[in-house]
Amino acid sequence: MTPGLLIAAPRSGSGKTTVTLGLLRAFSRLGIRVQPFKSGPDYIDPAFQQAASRRPSFNLDSWAMSAPQMGAIAGRADAELIVAEGVMGLFDGAPAIGEAGTGASADIAALFGWPVLLVMDVSGQSQSAAAIASGFRDLRSDISMAGAVLNHVASQRHEGLIRAAMEEAGIPILGAIPRSAALRLPERHLGLVQAAEQADLDQIVDCMADIVATHVDLNAIRRAARFATPQNHAAMPILAPPGQRIAIARDEAFSFTYAHLLSGWRDAGAEILPFSPLADEAPAADADAVWLPGGYPELHAGRIAQAAHFLSGLRRHALDRPIHGECGGYMVLGEALIDADGQAHAMAGLLGLVTSFAERRLHLGYRRARLLAPMGGMPAGAMLNGHEFHYSAIVEQPDSPLAHVTDAEGQAVPSTGSHRGRVTGSFFHLIAPSSKASS
């Protein structure tokens with residue numbers, strides 16, 4: 001068993017990602033084997049965590065995953081310390097309970113018994129920070145607070161006012177970080193610019209680690225970590241791999257994959273065969289299945305439309321073997337993708353889907369899907385949990401729906417996905433099987 005803690009915040013934008021990255025690299029530089037996890041369905045932050053710690057980061061999601069599955073994933077940590085990063089505010093989640101909770105970071109802290117390290121953006125306040133921290137400490141009796149890290153501290157006087165109020169409230173302060181432009185990462189429409197796209201990422205993370213190591217008590221944070229509450233792994237459901245040899249697109253346009261799915265497929269004996277559509281690589285000719293993950297194809301639509309080798313390889317594969325596309329991958333399987341400038345780019349044409357990024361509209365939330373047709377290695381009727389997050393609009397979707405899809409509250413949503421022959425696609429990113437009854 002490995003001791004761990006959860007890095008959380010009162011709200012998004014407080015600095016928990018940069019503090020987490022700084023801690024991961026700082027502990028790693030001390031020779032401590034530290035294992036990162038990410039609460040919720042995010043697929044961008046884990047890539048940064050992997051870069052910071054040199055270890056794959058796994059998602060833990062209480063809405064989409066059962067407690068046994070999360071226990072099995074967390075149990076894979078072969079490390080001396082677990083650092084899990086929360087999502088949004090500590091208690092923010094879906095409006096209805098899923099497999100083991102609402103998807104809130106607090107669910108993960110409660111399940112494993114990991115203390116919460118609260119990262120607080122204290123700009124524009126002083127003693128009031130203690131009231132906020134006290135409320136977060138006391139709202140749920142099944143979580144404990146290790147202490148707080150103050151972020152965006154303006155001056156020594158500012159820090160002193162907050163420390164005095166926190167001491168009176170009985171909340172330890174384990175760090176106070178001054179305002180610094182070095183603790184910012186560039187962003188775009190789906191969140192942070194991807195780790196793989198930042199040539200100087202190592203230098204950025206090292207700078208974060210320098211700042212965190214200077215202004216945060218690393219020894220106190222490590223002492224605050226606690227061993228996880230034992231979990232029952234025996235009933236963990238698994239998702240069958242879509243084939244024995246799986247060709248998976250992997251580059252800047254296709255990067256949104258979950259580490260727990262890939263490791264689960266490998267554990268089941270599958271072989272992962274990565275290829276790059278942006279480099280005009282075709283999927284392996286002897287692959288049993290092709291999987292196109294989500295990503296940013298809308299930023300590379302022109303290059304994808306000109307990738308003749310990639311597109312012809314997809315079309316050959318679709319003649320007798322399955323292909324599945326998630327979100328961005330789904331868009332590429334369609335007839336056309338309209339970019340932000342309104343220009344249409346021809347895609348693979350294996351589905352009739354036409355999507356547009358010209359009129360952006362946010363589609364966001366947990367999804368539960370009952371398959372109406374086979375998808376990869378899963379039969380029709382299978383119940384799946386996933387998450388949808390994109391800005392693209394559907395212009396045409398003439399093929400038969402792939403699934404009956406509902407949101408976290410059980411309300412039907414129009415993004416059903418579609419299928420034609422052996423080709424399937426959906427806007428939801430698959431996370432785990434669902435234990436809920438078919439609707």
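Me: Is Phe389 buried or exposed in this structure?
Reply: In this predicted model, Phe389 has a relative accessible area of 18%, so the residue counts as buried. The cut-off behind that label is a relative accessible area under 20%.

Me: Which residue does Phe389 pair with?
Reply: Phe389 forms an aromatic pair with Tyr391. The ring centres are 6.5 Å apart and the planes meet at 50°, a tilted arrangement.

Me: What lies over the face of Tyr391?
Reply: Arg360 does, at 5.2 Å from the centre of the ring.

Me: How many aromatic pairs are there?
Reply: The count is 13 aromatic pairs. One of them joins Phe254 and Phe310, with centres 6.5 Å apart and an angle of 55° between the planes.

Me: Why is that pair of Phe254 and Phe310 called tilted?
Reply: The planes of Phe254 and Phe310 stand at 55°, so the pair is tilted. Stacked pairs need an angle under 30 degrees and edge-to-face pairs one over 60, and the rest count as tilted.

Me: Where do Phe254 and Phe310 sit along the chain?
Reply: Phe254 belongs to the loop between β11 (245–249) and α9 (259–267), whereas Phe310 is in helix α11 (residues 308–317). The two are 56 residues apart, and their pair links distant parts of the chain.

Me: And what is the relative accessibility of Phe254? What about the relative accessible area of Phe310?
Reply: Phe254 is at 0%, which means that it counts as buried. Phe310 is also buried, with a value of 0%.

Me: Which residues do ring pairs link into a cluster?
Reply: The cluster consists of Phe37, Phe58, Phe112 and Trp114.

Me: Changing topic: how many helices and strands does the protein have?
Reply: There are 12 helices and 25 strands. The radius of gyration is 22 Å, close to the 22 Å expected from the globule rule for 439 residues, so the protein is as compact as a globular protein of that length.

Me: What does the C-alpha trace span along its principal axes?
Reply: The spans are about 70 × 45 × 40 Å.

Me: What share of the residues is buried?
Reply: Of the 439 residues, 58% are buried. The accessible surface is about 16800 Å², and carbon and sulfur atoms contribute 51% of this area.

Me: Which feature does UniProt place at residues 245–434?
Reply: The unreviewed UniProt entry gives "domain: CobB/CobQ-like glutamine amidotransferase" for that stretch. In the model, residues 245–434 are 16% helix and 35% strand, with 25 Å between the end C-alpha atoms.

Notes:
Residues numbered from 1 in each chain as written. Predicted model: local features only at pLDDT ≥ 70, side-chain atom pairs only at ≥ 80, totals over all residues. Heavy atoms only, no water. Phe/Tyr/Trp six-rings, centres within 6.5 Å; stacked < 30°, edge-to-face > 60°. Helix = DSSP H or I, 4+ residues; strand = E, 2+ residues; numbered from the N terminus. Buried < 20%, exposed > 50% of the residue type's maximum accessible area, 1.4 Å probe, protein only. Lys NZ or Arg CZ within 6 Å of the ring centre and 35° of its normal. Rg over C-alpha atoms; globule rule 2.2 N^0.38 Å. Areas by Shrake-Rupley, 256 points an atom, 1.4 Å probe, with all protein chains shown as cover. UniProt positions renumbered as here; feature names shortened; annotations may be inferred.
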